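This report follows a run of neighbouring strands, their partners and their burial. Please keep the sequence and the model in view while reading.

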Amino acid sequence: MDVLDKRGGIPLVSRAARGDTLLGSHDASSLAERLVAAGGAPSAARSAAARIVRHAFFRDPAVIPWGPAVFAGLGIGAWAHEALAALDPAPALALHERAPAEDGTIRLLFRARDGALVESVLIPGPGRTTLCISSQVGCARACAFCETGRLGLERQLAAGEIIDQVRLARALWNEAGGAPPLSNLVFMGMGEPFDNLPEVLRALRLLTDDRAFAFAPSRVTVSTVGVADKLPAFFAGARAELAVSLNAPDDARRRAIMPINARFPLDALRDAILAALPQGRRVLFEYVLFDRWNDAPEDADLLAAYVRGIRCRVNVIPCNPGPDPALRPPAPERLDAFVARLSSHGVTTLVRRPRGRDVGGACGQLAGARRAERERSVATEGA
């Protein structure tokens, strides 16, 4: 049974993966708080927490040695053993399916302890390998071009379940001799990270801790559909990079494919970004391109005007097959013309080419294969 958010009926973390019981749901700060509550002095609690974080997450052991003897060997006093022993160091996820694509991308399907299915994608590239991870099971935002949105929101992921996507994917990649090494993380999988921000922030702190996973903050990106009122909390709680999904140059078209625009129109979103963006930081704007819908030269002009004055770059993404057959990728010449027009305005523009499309691992496709399987199963049962 899920715990419900009384404010909106949104499923929180399932009882099978409550954050307080998973070691992976604790960064050094929350571990120290737990140890202080167990009676430790703040300085001793911080020292013990740092040793536990390094012991548990600096490498990727299949099994994390755990228990009073291990704690004593780390130089942690008996006063902390009971509180630490109550934490579960085992992964909260297990690999359920591994689907390699022709281009080297690997879609990973994990099963949580309550049976929930979570998808991640390993994306090797020149000089780096990126892992696309999920923050929720399903998504409530219902963007018209995204398969995950068709599932609706099943529940939130605990920070430990977010962490375990990285633990398990990195171990799998290393065991296979994968190269380049995993160095980049993007929260662009299932779910809207800002709708699960407390758990996402806790995971981010552990992922960027030099004593743990040690990902460079500049190599960790969190993507949002534009939940503008959460921007201050995100920047206050994380050093990661921000990506904002725009996908249309005006409110009418954006509202047609992204329901969030009814609450936070483009001007309100822009004002919130300018107000919250820390000095020296920049935003990555994502713009999914649809054939003859938002890819005209005049649309590039409107987009350039919108981002003017914001320290940013724009990723142009040809759309992938999704739930709405009317939303199709543009012809190569229209893509090239759009990018050239946008660049002519002085906007730093990159094109994100489709990866993993043949296994349902490309942008907007996550959970699409699983949804199709469910529909076929229901049809078979009803036949």
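## Strands 10 to 13

In this predicted model, Y287 stands opposite V316 in strand 13, and this pair belongs to a parallel pairing in which strand 12 and strand 13 are joined over seven bridges. On its other listed pairing, strand 12 runs parallel to strand 11, with four bridges between them, and here L242 stands opposite V283 while A243 has L284 as its bridge partner in strand 12. A243 is also the bridge partner of S223, a contact that falls within the parallel pairing of strand 10 with strand 11, which comprises four bridges.

The pairings are set out below.

| Strands | Sense | Bridges |
|---|---|---|
| Strand 10 (residues 220–224) and strand 11 | parallel | four bridges |
| Strand 11 (residues 241–245) and strand 12 | parallel | four bridges |
| Strand 12 and strand 13 (residues 312–318) | parallel | seven bridges |

Two connections between these strands pass through helices: strand 10, helix 8 (residues 231–237) and strand 11 form a right-handed β-α-β unit, and strand 12, helix 12 (residues 297–307) and strand 13 form a right-handed β-α-β unit as well.

How many residues of strand 12 are buried? Seven of the seven residues in strand 12 (residues 283–289) are buried, with V283, F285, Y287 and L289 on one side and L284, E286 and V288 on the other. Strand 11 is likewise mostly covered, with five of its five residues buried; E241, A243 and S245 point one way, whereas L242 and V244 point the other way.

Key. Residues are numbered from 1 along each chain as its sequence is written. This is a predicted model: local features need pLDDT of at least 70, side-chain atom pairs count only at pLDDT 80 or more; totals for chains, interfaces and linings use all residues. Side-chain values use heavy atoms; hydrogens and water are left out. Buried means under 20% relative accessible area, exposed over 50%, partly exposed in between (1.4 Å probe, protein chains only). Two strands pair if DSSP finds at least two bridges between them. A crossover is right-handed if, with the strands pointing away from the viewer, the path from the first strand over the helix to the second runs clockwise.
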